[in-house]
Amino acid sequence: MSEARYWHLQDDGKMVCELCPRHCTLTDGQSGFCFVRARQGARMELTTYGRSSGFCVDPIEKKPLNHFYPGTSVLSFGTAGCNLACKFCQNWDISKSRQMERIAEQADPETIARAALRAGCRSVAYTYNDPVIFAEYAVDTALACRQLGIASVAVTAGYMELEPAAWFFSHMDAANVDLKAFSETFYHRLTGGHLQPVLDLLKYLACETDVWVELTTLLIPGCNDSDPELDALTRWVVREMGSEVPIHFTAFHPDWQMREWSRTPIETLLRARRIALDNGVRFAYVGNVNDWRGAST
Ligand code: SF4
């Protein structure tokens, strides 16, 4: 366990987490919605610090990042838990895990950095579950990586308050951020979160940092794939982030609480790409429908 940042104590003695827009209030011994940030007396602990749910060497294009050291390998790892509750989660065995056995592998930041170097990786990716909730562990690993000339990549849903985000992303070199839809209804009903904080974070990353950003939108039939929504989403990206920000459209497969839903047809991905290009997005990609794991949280 390690002490966590970004919280305060209220006058009534409750602890408020300031890391993500959920602002969980915790009494002693309680964990937040993400399950991994927990109050112990007058401090907050990150219970997954130094523990990983697994490692994998991937091509960087699988994150997906097509414009960040293309052709190189990345060491991917994650922990457990998540601060969203996506009914369509494609990594639910990790993100919904509340069993610490799932993250039994001990891995301190220096060990991860050295392992990446040994494996010939140009970067380390904080992925599988959202690194926002294990920010202290990811940042310490990023610092160890920088010492060895290895870059850091956050694969995230971008559901984070801006003050901790400024600290977190100052240690990241690249990010793939999910823009899961362009409607508050979708975010509210299918993720348990809200759209505006994600848009605020994306604008911040594009306008006020040097982090290389690419976006991913997982298209779910009938939920976020209409022409008007894709038109509005891609226009917003060009207007607020710029035409050089690549967008990856990826395919949903039935999973977690949406097992009865149909898969995304390739025609939908190609239609989304066409809309993006017509609206001025310079790089719009169609994800491999079979290569979903680890591509996006
Ligand atoms: S990071 Fe976790 S504990 Fe903090 S507000 Fe978000 S869900 Fe709650």
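**Exercise 1. Cys145 and the disulfides**

Decide whether Cys145 is buried or exposed in this predicted model, and establish how many disulfides the structure holds.

*Solution.* Begin with accessibility: the relative accessibility of Cys145 is 0%, and because buried means under 20%, Cys145 counts as buried. Turn next to the sulfur atoms, where a disulfide requires a pair of cysteine sulfurs within 2.5 Å. The structure holds zero disulfides. Cys145 is accordingly in no disulfide, and the nearest cysteine sulfur, which belongs to Cys121, is 9.7 Å away.

**Exercise 2. The surroundings of the ligand**

Find which residues are around the ligand, describe the shell by class, and state which cavity the ligand takes up.

*Solution.* First collect the residues around the ligand, which are Cys17, Leu19, Cys20, Arg22, His23, Cys24, Gly32, Phe33, Cys34, Arg37 and Asn83. Sorting this shell by class then gives six nonpolar, three polar and two charged residues. As for the space itself, the ligand takes up the largest cavity. Finally, consider one of these residues, Cys17: with a relative accessible area of 9%, Cys17 is buried.

**Exercise 3. Ser53 in its loop**

Locate Ser53 relative to β7 and β8, determine whether Ser53 is buried or exposed, and identify which backbone oxygen lies 2.8 Å from a polar atom of its side chain.

*Solution.* Ser53 belongs to the loop that runs between β7 (51-52) and β8 (54-59). Its relative accessibility is 14%, so Ser53 counts as buried. The side chain of Ser53 has a polar atom 2.8 Å from the backbone oxygen of Thr79.

Key
Residues numbered from 1 in each chain as written. Predicted model: local features only at pLDDT ≥ 70, side-chain atom pairs only at ≥ 80, totals over all residues. Heavy atoms only, no water. Near = heavy atom within 4 Å. 1 Å grid on protein atoms, 1.4 Å probe; cavity = no way out; pocket = protein on both sides within 12 Å on 5 of 7 lines; lining within 4 Å. Sits in = over half its atoms within 2 Å of the grid points. Nonpolar A, V, L, I, M, F, W, Y, C, P; charged D, E, K, R; others polar. Helix = DSSP H or I, 4+ residues; strand = E, 2+ residues; numbered from the N terminus. Buried < 20%, exposed > 50% of the residue type's maximum accessible area, 1.4 Å probe, protein only. Polar contact = N/O pair within 3.5 Å; in protein donor to acceptor, adjacent residues only side chain to side chain.
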